[in-house]
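Got the viewer open? Let's take a short walk through a few side chains, one selection at a time.

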Amino acid sequence: MSAQRPSSAVAHGPSPSPPRHGDGGTAGVPRADVPAPAQPHPAVWRVVGDPLVAAADGGALSGTRVAVKDLFAVAGHAIGAGNPAWLREAPVEPAHATAVEALLRAGADVTGIARTDELAYGLSGLNTHYGMPPNPAAPGRVPGGSSSGSASAVALGLADIGLGTDTAGSVRVPTSYCGLYSLRPTHGLVPDTGQIGLAPSFDTVSWLTRTPRLLARVSDVLLPPRPAPPVARLLLATDLFDLADPELRTPLRDAARTWADRLGVPLHASGDTCAAHLEEWAQALGVLQAVEMWDLHGGWLRTHREAVSPLVADAIAAGEDMPADYLAWARETVDRARNTLAGLIPPGTALVQPATPTAAPPPGPAVTGMALRTATVHLVCAASVAGLPVLTLPGVRGPAGPVGLSLVAAAGSDRALTDALADHTADSQP
């Protein structure tokens, strides 16, 4: 018999961070001889240099600059995780996180350590302690989170590559709001050594860029050489497009058809994909994240409650004493979701959906309210619960700003997504 299903009061959305997983290598070293320049965007950068860490040698990414989310180890610096109390107690890291090391070895310079939503909890980019990174694609509106600083740095042209993490949309949402390109890889495909996590069952090292060609080049560096059948069919999930704001539905469908033509892949529409399951899947994701969050951060929260914003503190505390039947139900639901999605999205197929239900909202009640968070998590939760790769692309740009499209593929199909993008797009930027 199935366990009891939790009520809708269980928090949705991303959850804060577990401890770092280990140490990376030492491809680059901090440039102690070069003082950090004045910080024109203190809400974007925690630490910035010229560069902060120089690449050891040339490589496929020579001439590019990386904004590193403040969850990854950068040798010679502490990890701040978006919270001053955390930063004060954090040790100086002796080595780079694996992903940072790989980018340095490929020739990219680390420009700086970019802001994140507090303890990586959030989808907006609002940080009580450090403010909001700007969104140049939608001035006055949020950049999206929790990889907010990395996305803002790339959108502003302060960096070419944003290194982030995605658990429940933390790269996909800012990609959509800022009009960028990103890849959330298959869960576990890219090593997470040397970083602060969020919920290990769902955490995924991810990256974003301004151009498709650079996204493909970064993917070549960070993804393992695992071949996959090429994307030969796009499935337009009309039931998921119906979850977007009404005025966006037709323009987003038109944008999906344009991308299908551009990628040279046939597009087939279906009105019965997975929308009927999303509320249940989002609740299951929320339960499991909350439990992992408390397991990893509950002890720290007990001694630092006053140093954490109420929203984040309450989110961590929601995982304490989770009823066993809720947890059992969530695990069963995730297993069913993975089976459903494996049948819906076989290798060679990518499901096309809106990346977010709206353009970026302005700071205010809409951002902190439950309605937008719930609608957003409904759209991002399928890939999260199944650990699937997601390529997010610019979709439409309306008066309120950009809204992206996401292509969700079968597990292990990461290179099929990036190969399709690289083979059928061109740009003059790196």
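**Stop one: aromatic rings**

Keep in mind that this is a predicted model. Counting ring pairs whose centres lie within 6.5 Å gives two aromatic pairs. For one of them, select Tyr 181 and Trp 259: the rings meet edge-to-face, with 6.3 Å from centre to centre and 85° between the planes. Now show the backbone around them, and you'll see that this pair links distant parts of the chain. Tyr 181 belongs to strand β5 (residues 181-184), while Trp 259 sits in helix α7 (residues 246-263), and the two are 78 residues apart.

Are these rings buried or exposed? Tyr 181 is buried, at a relative accessible area of 8%, and Trp 259 is buried too, with a value of 8%.

**Stop two: a charge over a ring**

Next, select Arg 115 and Tyr 130. What lies over the face of Tyr 130? It's Arg 115, placed 3.8 Å from the ring centre.

**Stop three: the cysteines**

Finally, pick Cys 274 and Cys 381. How many disulfides does the model hold? The count is zero. Cys 274 is in no disulfide, and the nearest cysteine sulfur to it, in Cys 381, is 7.7 Å away. Why no bond for Cys 381? Its closest cysteine sulfur is the one in Cys 274, and 7.7 Å is too far for a bond, because a disulfide needs the two sulfur atoms within 2.5 Å.

While you have them selected, check the surroundings: Cys 274 is buried, with a relative accessible area of 4%, and Cys 381 is buried as well, at 0%.

Terms used: Residues are numbered from 1 along each chain as its sequence is written. This is a predicted model: local features need pLDDT of at least 70, side-chain atom pairs count only at pLDDT 80 or more; totals for chains, interfaces and linings use all residues. Side-chain values use heavy atoms; hydrogens and water are left out. Rings of Phe, Tyr and Trp (its six-membered ring) pair if their centres lie within 6.5 Å; planes under 30 degrees apart count as stacked, over 60 as edge-to-face and the rest as tilted. Helices (H or I, at least four residues) and strands (E, at least two) are DSSP runs, numbered from the N terminus. Buried means under 20% relative accessible area, exposed over 50%, partly exposed in between (1.4 Å probe, protein chains only). A charge sits over a ring if NZ of Lys or CZ of Arg is within 6 Å of the ring centre and within 35 degrees of the ring normal.
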